[in-house]
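Please read the report below alongside the sequence and the model. It takes up one helix, its surroundings and one strand residue.

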Amino acid sequence: MEDVTKTRPEITEQDKMFMREAIRLASESVATGGGPFGAVIVKDGEIIAGSANSVTIDNDPTAHAEINTIRKACLKLGTFDLSGCMIYTSCEPCPMCLGAIYWAHLDCIYYGNTHQDAFEIGFADDFIYKELRKSLKNRTLPTIQVLRKEALNTFRLWSEKEDKMEY
């Protein structure tokens, strides 16, 4: 089996500066009615995008700091692939944000608070992490497969498409 262990970079003063900006955005968000989360995306030592949690402001459960920041960075850079970028987030990403970070191909995650810290102030991160470890049949939210054979046709179309842009 391939060893995928990566060497952890040493935390620099610049890393601390970027994290402080993520924390500042989180604090500002609390003061303006948002959630206590902030994030910045950095490329080549420069902040490309920064944002905070706006779930309650936007009435959007996906408007987490990391998601908002990824969207801004992608717009600014004109790409969905953020390879070469790092994210600094005031809290360990929830499962949704972690998935988005992987999809965006960010090179590294720096975080402040843990998902357990978030759980202790009322956020469901820990609950969702536990749910993901369960089999589909044992999860709290019923998950029911319907019309798989019909749905597979779309995957066949994608697989056969010669001019697709893979991601």
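## The buried face of α1

The residues of helix α1 that count as buried (under 20% relative accessible area, with a 1.4 Å probe and protein chains only) are Asp15, Phe18, Met19, Ala22, Leu25, Ala26 and Ser29. Seen down the axis of α1, these buried residues fall within an arc of 110°, taken from the directions from the helix axis to the C-beta atoms, so they line one face of the helix. On the other side of α1, Glu13, Arg20 and Ala31 are exposed, that is, over 50%.

This is a predicted model, in which local features need pLDDT of at least 70 and side-chain atom pairs count only at pLDDT 80 or more, while totals for chains, interfaces and linings use all residues. Residues are numbered from 1 along each chain as its sequence is written, and side-chain values use heavy atoms, with hydrogens and water left out.

## Span and ends of α1

Helix α1, a DSSP run of H or I with at least four residues, covers residues 13-31. Its 19 residues reach 27 Å from first C-alpha to last, close to the 27 Å expected at 1.5 Å times one less than the number of residues.

At the N-terminal end, Thr12 caps α1 through a side-chain oxygen that lies 3.3 Å from the backbone nitrogen of Gln14. After α1 comes Gly33, whose phi is positive, near 100°.

## Packing and Ser90

The buried residues of α1 pack (heavy atoms within 4.5 Å) against β1 (38-43), β2 (46-52), β3 and β4 (108-113). Strand β3, a DSSP run of E with at least two residues, spans residues 85-91 and contains Ser90.

Ser90 counts as buried because its relative accessibility is 4%. Not counting residues up to four places away in sequence, Ser90 touches Met19, Ala22, Ile23, Ala26, Pro36, Phe37, Gly38, Gly112 and Asn113.

Note on methods: Polar contact = N/O pair within 3.5 Å; in protein donor to acceptor, adjacent residues only side chain to side chain.
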